[in-house]
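Here is a chain to look through with the definitions in hand. Each question asks what lies behind a label.

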Amino acid sequence: MTPVPATPAYDFPSDLLAGQEELHQVRAELLALLKRLPWSVTPLDGFSDDHGWRKVERPASPGWTPDEQAQVEKLRERERELAVFVTCHRFWDEVTGPDAVAARAHLKHVHEKAIDTE
């Protein structure tokens, strides 16, 4: 069996690592919030539809409160800011071609490796 080559080590700047970690945290918080909220932002009646390829049912939705809407928008805005920061970071000027793709993929999983070593 051929050994799998080790992932090259990248010397990511600390601010890029911190931005990527916060991006993971914000996305997790947003996902958890969206799972807790009603399925519709505005109040809507429930429905059942079994005419498509699968049956779809939704209970009546009371909608989101103004506070819930503001909380979602705040998290989405922070997610956008962090995504722009991470993808446009000056570090990416130093890495080109296939190395850039590999480095971006590696950056997304750096936090997982840190958790594994704890």
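Q: What makes the contact between the side chains of Arg-90 and Asp-15 a salt bridge?
A: The model is a predicted one. In it, nitrogen and oxygen of these two side chains are 3.5 Å apart. The cut-off is 4 Å between a Lys or Arg side-chain nitrogen and an Asp or Glu carboxyl oxygen. The Arg-90 and Asp-15 pair therefore counts as a salt bridge.

Q: Why can this pair be said to tie together parts of the chain that are apart in sequence?
A: Asp-15 sits in helix 1, residues 14-36. Arg-90 sits in the loop between helix 2 (66-87) and helix 3 (97-116). The parts are 75 residues apart in sequence, so the salt bridge ties them together.

Q: Why is Arg-90 called exposed or buried, and what about Asp-15?
A: Exposed means over 50% relative accessible area, and buried means under 20%. Arg-90 has 53%, so Arg-90 is exposed. Asp-15 has 29%, which falls between the two limits, so Asp-15 is partly exposed.

Q: How do you know that Arg-27 forms a salt bridge with Glu-79?
A: Their closest N and O atoms are 2.8 Å apart. That is within the 4 Å limit, so the pair qualifies. This pair also links distant parts of the chain: Arg-27 is in helix 1 and Glu-79 in helix 2, 52 residues apart. Arg-27 itself is partly exposed, at 40% relative accessible area.

Q: What separates Arg-78 and Glu-81 along helix 2?
A: They are 3 residues apart in helix 2, which means a separation of about one helical turn. An α-helix has 3.6 residues a turn, so residues three or four places apart point the same way. Arg-78 and Glu-81 form a salt bridge, with closest N and O atoms 3.0 Å apart. Arg-78 is partly exposed at 31%, and Glu-81 is partly exposed at 38%. Salt bridges with shared partners join Glu-22, Arg-78 and Glu-81 into one network.

Q: How many salt bridges does the rule give?
A: The count comes to 7.

Q: What makes the span of helix 2 close to the expected value?
A: Helix 2 has 22 residues. At 1.5 Å a residue, 32 Å is expected. From first C-alpha to last, helix 2 reaches 31 Å.

Q: How do you know that the buried residues of helix 2 line one face?
A: The buried residues are Val-72, Leu-75, Glu-79, Leu-82 and Val-86. Seen down the helix axis, they fall within an arc of 95°, so they line one face. On the other side of helix 2, Pro-66, Lys-74 and Val-84 are exposed.

Q: What makes Phe-47 fit for a nonpolar surface patch?
A: Patch residues need over 30% relative accessible area. Phe-47 has 37%, so Phe-47 passes that limit and is partly exposed. Trp-39, Leu-44 and Phe-47 make the patch, about 270 Å² in area. Phe-47 lies in strand 1, residues 47-49.

Q: What pattern does the whole chain follow?
A: The chain reads α-β-β-α-α along the sequence, with 3 helices and 2 strands. Buried residues make up 24% of its 118 residues. The chain exposes about 8800 Å², and carbon and sulfur atoms supply 57% of that area. Of the contacts with a separation of 6 or more, 61% come from residues 24 or more positions apart.

How values were computed. Residues are numbered from 1 along each chain as its sequence is written. This is a predicted model: local features need pLDDT of at least 70, side-chain atom pairs count only at pLDDT 80 or more; totals for chains, interfaces and linings use all residues. Side-chain values use heavy atoms; hydrogens and water are left out. Patches are made of residues with over 30% relative accessible area and no salt bridge: like charges are joined within 9 Å, nonpolar side chains (Val, Leu, Ile, Met, Phe, Trp, Tyr) within 5 Å. Accessible areas come from the Shrake-Rupley method with a 1.4 Å probe; for residues, only the protein chains shown count as cover. Helices (H or I, at least four residues) and strands (E, at least two) are DSSP runs, numbered from the N terminus. Buried means under 20% relative accessible area, exposed over 50%, partly exposed in between (1.4 Å probe, protein chains only). Contact means heavy atoms within 4.5 Å. The expected span of a helix is 1.5 Å times one less than its number of residues. The arc is that of the directions from the helix axis to the C-beta atoms.
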